[in-house]
Amino acid sequence: MKAAVFHGPGDVRIESVPEPGPPGPGDLLIRVSTAALCGTDSAEWAHGPLLARPPVVLGHEFTGEVVAAGPEVSGFTAGTRVVSGAGISCGGCAWCAAGRTNLCATYQTLGLHRDGGLAEFVLSPAAICRTVPDTLDDVGAAMAQPLAVALHAARRGQVGQGRSCVVIGAGGIGSFVIAAAAALGAEPLVAVDIDDGRLATATVLGATSTVHSGRQDALTSVRDVVGGDGAQVVIEASGAPASPAAALSMVRRGGDVVIVGLQAGPLPVDLFSVAVREIGLHGTLAHVCGQDLDQAVGVLAGTRLAKTVLGDVIGLRDLVESGLRPLADRNARGKIVVDVRGSV
């Protein structure tokens, strides 16, 4: 079968590899239809291996059709359209027992530690797969995993009905975070970015106000919307070095700050302010499949989110030049989806 195999920095090859064997206990063999790309994929290609263990087939945001189910699997007959989560957890460690499966002691990620979905076929545990409704097409379904990540991040900050929320960065993951916060009832919901196009998209996704931080004083503008005490939740989704400090300045006493955007190196943080203002400072990793993936599928099926954030749909052979390179160069416009089935 054809697959996108990551071998090392700058080295992703579309090549023929053996098809997966029959699914084992608890697994599904899936014929992949579409797979979306994210910053992790491009970072591995440009600078890795960071998390990946090459050689490995990339792809952790994908959807497809069940070909066969292994022993101990029920509810997934051949032909069922499914979307897969990315993380594989053991189910028995202390973190899994507490429901924090994304922190599992032996956590592995499809497309990084095991072969992923940028291939004609992939094996995935049935426990992290969900049925795709007829109202959601394959391009949209491929976005369920990143939306699940965004929902998890929003929950880490206790985003909820009527809580004011600011999202810094309305690009790749930030657009999904804005949609997630809107779905969870954030009000007002402010998007901060330096790009007019991304801010326009943020409005479509549910932001009630936008701030262009290149032309406006972001702190003053945010406080004009949420009140002088600051927002109850601020989610940093840009990865810009100055943004974590900006997030702390925008949050009110007793509020929550969530760091989604990954930094290239350590940054100074005003822990005195965090302590005396009793700020909840949260990290976030991946998603909890049992909590986040179902809702992500429902949101995508019931809204125009997928069509709003969609950029280019490309073929597998164009993965590097039309997918990974634009993402790495930060000039991709919208979510890039690979039409895997249409490429082979």
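This is a short walk through three of the salt bridges in a predicted model. In total, the structure holds 11 salt bridges. Side chains of opposite charge can pair when their charged atoms come close.

**Stop one: R13 and D11**

Select R13 and D11 and show their side chains. They meet in a salt bridge, with 2.8 Å from N to O. Now switch on a surface. R13 has a relative accessible area of 39%, so it falls in the partly exposed class. D11 is partly exposed as well, at 23%.

**Stop two: R333 and D195**

Next, pick R333 and D195. Their side chains form a salt bridge too, with N to O at 3.4 Å. Zoom out and colour by residue number: this pair links distant parts of the chain, 138 residues apart. R333 sits in the loop between α12 (319-328) and β18 (335-339), while D195 lies in the loop between β12 (189-193) and α6 (196-205). Buried or exposed: which is each partner? R333 counts as exposed, at 52% relative accessibility, whereas D195 counts as buried, at 18%. The cut-off for buried is under 20%, so D195 qualifies.

**Stop three: D196 and R215**

Move on to D196, in helix α6, and add R215 to the selection. Here the salt bridge between the side chains spans 2.8 Å, N to O. This pair also links distant parts of the chain, with the two positions 19 residues apart in numbering. You'll find R215 in the loop between β13 (209-212) and α7 (218-226). On the surface view, R215 is exposed, with a relative accessible area of 58%, and D196 is partly exposed, at 44%.

Technical notes:
Residues numbered from 1 in each chain as written. Predicted model: local features only at pLDDT ≥ 70, side-chain atom pairs only at ≥ 80, totals over all residues. Heavy atoms only, no water. Salt bridge = Lys/Arg side-chain N within 4 Å of Asp/Glu carboxyl O. Buried < 20%, exposed > 50% of the residue type's maximum accessible area, 1.4 Å probe, protein only. Helix = DSSP H or I, 4+ residues; strand = E, 2+ residues; numbered from the N terminus.
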